[in-house]
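Here's a quick tour of some charged pairs and one helix packing contact. Have the sequence and the 3D view open as you read.

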Amino acid sequence: MDAAQQEATARARELQRNWYGEPLGALFRRLIDDLGLNQARLAGVLGLSAPMLSQLMSGQRAKIGNPAVVQRVQLLQDLSGQVADGSVSAAEATERMEEIKKSQGGSVLSNTTQTTSGSGAPTVKRVVREIQSLLRSVAAAGDIIDAADTLAPTHPELAEFLRVYGAGRTSDAVTHYQSHQN
């Protein structure tokens, strides 16, 4: 890989970090490990071609263009967490992956069984991810920060919201939310 290709890959991974909270290669590898998949199976569940998944993982492509695929990634992340904490068995995870594969997307703010805690309420992390997905589907993190800077003098609360939820990391946004609930 020449210097220009390395620079383009580094830029794509940085964009992925801004849009998705981490490079897609790391995110997809974690899903593969946690859910016992291979790349071809993950691509099938997400509704991507295997070459497209490979390009996203390697940083040859930066963005997932289809909002339904982004939603499936989020659903798989939730499922992965449930498998990791033992609340979902491997057999049930396989069934849910088939449901996720068949899903056509829809509103990123939908409230499915994968988006709720044991009490039936949406989890804070899930809501934060949905807000981030919605904001990032219309603008890149740099554009969101620029908008926040423009709004800061007259609407400081909105500017803070955009910085934290639109351009920040999921974990930081969850911490921010929790600290403001007291």
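What follows covers salt bridges first, then a pair of helices.

A word on ground rules: this is a predicted model, where local features need pLDDT of at least 70, side-chain atom pairs count only at pLDDT 80 or more, and totals for chains, interfaces and linings use all residues. Residues are numbered from 1 along each chain as its sequence is written, and side-chain values use heavy atoms, with hydrogens and water left out.

**Salt bridges**

How many salt bridges does the structure hold? There are five, counting a side-chain nitrogen of Lys or Arg within 4 Å of a carboxyl oxygen of Asp or Glu. Among them are these pairs:

| Acidic residue | Basic residue | N to O distance |
|---|---|---|
| E14 | R17 | 3.0 Å |
| E22 | R30 | 2.5 Å |
| D149 | R163 | 2.8 Å |

Take E14 and R17 to begin with. Both sit in helix α1 (residues 3–20), three residues apart, which is about one turn of the helix. Helices here are DSSP runs (H or I, at least four residues), numbered from the N terminus. For solvent access, buried means under 20% relative accessible area, exposed means over 50%, and partly exposed is in between (1.4 Å probe, protein chains only). E14 comes out at 32%, so it is partly exposed, and R17 is partly exposed too, because its value is 29%.

Is E22 buried or partly exposed? With 17% relative accessibility, E22 counts as buried. Its partner R30 is partly exposed at 35%.

Then there's D149 with R163, whose side chains meet in a salt bridge. This pair ties together distant parts of the chain, with D149 in helix α8 (residues 141–151) and R163 in helix α9 (residues 156–166), 14 residues apart. D149 has a relative accessible area of 43%, so it is partly exposed; R163, at 33%, is partly exposed as well.

**Helix α3 against helix α6**

Now for the packing. The axes of helix α3 (residues 39–46) and helix α6 (residues 90–102) come within 7 Å and cross at roughly 50°. Axes are lines fitted to C-alpha atoms, for helices over the stretch in contact, and angles run from 0 to 180 degrees between N-to-C directions. That crossing makes α3 oblique to α6, because angles under 35 degrees count as roughly parallel, over 145 as roughly antiparallel, 65 to 115 as roughly perpendicular and the rest as oblique.

Which residues make the contact? From α3 they are R41, G44 and V45, and from α6 they are T94, M97, E98, I100 and K101, with contact meaning heavy atoms within 4.5 Å.

Definitions and conventions:
Helix = DSSP H or I, 4+ residues; strand = E, 2+ residues; numbered from the N terminus.
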